[in-house]
Amino acid sequence: EVFAQAIHQAGSRAHKSFVALNCAAFSKDLLEGELFGHRAGAFTGAIKDQKGLLEEAHQGTLFLDEIGEMPSGLQAKILRVLESGEFIKIGDTKPQKADVRIIAATNRNLKKDIEDGLFRSDLFYRLSVFQIDLPPLRDRPTDIPEYAKFFASFFSTKINKAEITVDKEALSRLSDYDWPGNIRELKNVMERSVILCRDHIIEVADLPPEIREKRSTGKGNLSAFSLAAAEKLQIQKVLNHTRGNRAEAARLLEIGVATLYRKMDEYGLS
């Protein structure tokens, strides 16, 4: 979402709305209502007309996060919006224009989902005009210190503190952390640390416990050129893909579950 906002702000639609929707957060009916809106009387409780996010994002950008979780019926309706630039509110019969740029994101393998009949191939190819593969923050550890310094400066200004810096050891702990919440989590951690720090320097003591407690596993810090580092990275990627389902991860990695548990313990993965 942060990256999608950056695209929006850098383009000609920046003066219009940026609207984000997590497709995994709603049931099919609620998701349809959120996207398209409804007319009064369309269903019980619909006492007045309601704008949908397509209408709210008119001439702006609509970001559809977790597009792979969208039900098939709604996929067809989004495809119609992309192809015709029109949509119909729930309970209405008259199409409305939708001048909206749609940016979609997913952590799923959509090509596999297409093979399994879970995602429409026509929608995939209509959305895939331009693809950006954005690695998670844990796969970009050299970026973490720059983000940390930026947020430290940003929040020190926001709360009217003198310029705050981050000491070397704190930056090291931040770089070692896996960041399951990506940049949003890092932003929150830095805001907390800015509030807690004294003498205008963020130290290890100002960080949350899960970041302060540096891993003591023998292979916690691996050379980027080692085979072990490549194996650790591949295991983590597969675990992310299976959303922590270790049995499925072991199947995809073509190793036994016991072997996977041993390697996870060896590399300090969770």
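**Salt bridges, cores and one helix face**

At a relative accessibility of 38%, Lys77 counts as partly exposed. The model in which this value was computed is predicted. Lys77 forms a salt bridge with Glu32, and the closest N and O atoms of the two are 2.3 Å apart. This pair links distant parts of the chain, since Glu32 is in helix α2 and Lys77 is in helix α4, 45 residues apart. Is Glu32 buried or exposed? Its relative accessibility is 11%, so Glu32 counts as buried; the cut-off for buried is under 20%.

The pair is one example from a longer list, as the structure holds 17 salt bridges. Side chains of opposite charge can pair when their charged atoms come close. Another bridge joins Lys89 to Glu55, with 3.2 Å between the closest N and O atoms. Here too distant parts of the chain are linked: Lys89 is in the loop between β3 (86–87) and β4 (96–97), Glu55 is in helix α3, and 34 residues separate them. In this bridge Lys89 counts as buried, because its relative accessibility is 6%. Glu55, at 23%, counts as partly exposed.

A third bridge connects Arg108 with Asp113, the closest N and O atoms being 2.7 Å apart. Arg108 has a relative accessible area of 29% and is therefore partly exposed, while Asp113, at 6% relative accessibility, counts as buried. Which residues belong to the network that contains this pair? Salt bridges with shared partners join Glu66, Glu69, Arg108, Asp113 and Arg243 into one network.

Arg243 has a backbone feature of its own. Its phi is near 55°, a positive value in a residue other than glycine. Most residues other than glycine have a negative phi, and most peptide bonds are trans. Arg243 lies in the loop between α11 (227–241) and α12 (246–253), and at 52% relative accessibility it counts as exposed. His200 also has a positive phi, of about 60°, although it is not a glycine. His200 is placed in the loop between α9 and β7, and its relative accessibility of 41% makes it partly exposed.

The chain as a whole gives the setting for these details. The protein chain has 13 helices and seven strands, and its C-alpha atoms fill a box of roughly 65 × 55 × 35 Å along the principal axes. Of its 270 residues, 36% count as buried. Among contacts with a separation of 6 or more, 65% come from residues 24 or more positions apart. The chain exposes about 15700 Å², of which carbon and sulfur atoms supply 51%.

Next come the nonpolar cores. In soluble globular proteins, nonpolar side chains tend to be buried together. The largest nonpolar core has 26 residues, of which Leu35, Phe36, Leu62, Leu64, Met70 and Ile78 touch the most other members. At least two residues of this core come from each of β1 (18–22), α2 (28–36), α3 (53–56), β2 (61–65), α4 (72–84) and α6 (121–127). Helix α4 gives the most to this core, with five residues. Apart from its neighbours within four places in sequence, Met70 is in contact with Cys23, Leu31, Leu35, Leu64, Gln75 and Ile78. There is also a second, separate core of 23 residues, which includes Ala170, Tyr177, Cys197 and Ile202.

Helix α7 shows how one element divides between buried and exposed sides. It runs over residues 144–158, and at 1.5 Å a residue these 15 residues should span 21 Å; the end C-alpha atoms are 21 Å apart, which agrees. Which residues of α7 are buried? They are Ile144, Pro145, Ala148, Phe151, Ala152, Phe155 and Ser156. Seen down the axis of α7, these buried residues fall within an arc of 130°, so they line one face of the helix. On the other side of α7, Glu146, Phe150, Thr157 and Lys158 are exposed. The buried residues of α7 pack against β6 (165–166), α8 (168–176), α9 (182–196) and β7 (201–202). Just after α7, Asn160 takes a positive phi of about 60°.

Technical notes
Residues are numbered from 1 along each chain as its sequence is written. This is a predicted model: local features need pLDDT of at least 70, side-chain atom pairs count only at pLDDT 80 or more; totals for chains, interfaces and linings use all residues. Side-chain values use heavy atoms; hydrogens and water are left out. Helices (H or I, at least four residues) and strands (E, at least two) are DSSP runs, numbered from the N terminus. The expected span of a helix is 1.5 Å times one less than its number of residues. Buried means under 20% relative accessible area, exposed over 50%, partly exposed in between (1.4 Å probe, protein chains only). The arc is that of the directions from the helix axis to the C-beta atoms. Contact means heavy atoms within 4.5 Å. A nonpolar core is a set of buried Ala, Val, Leu, Ile, Met, Phe, Trp, Tyr and Cys residues joined through side-chain atoms within 4.5 Å. A salt bridge is a side-chain nitrogen of Lys or Arg within 4 Å of a carboxyl oxygen of Asp or Glu. Accessible areas come from the Shrake-Rupley method with a 1.4 Å probe; for residues, only the protein chains shown count as cover.
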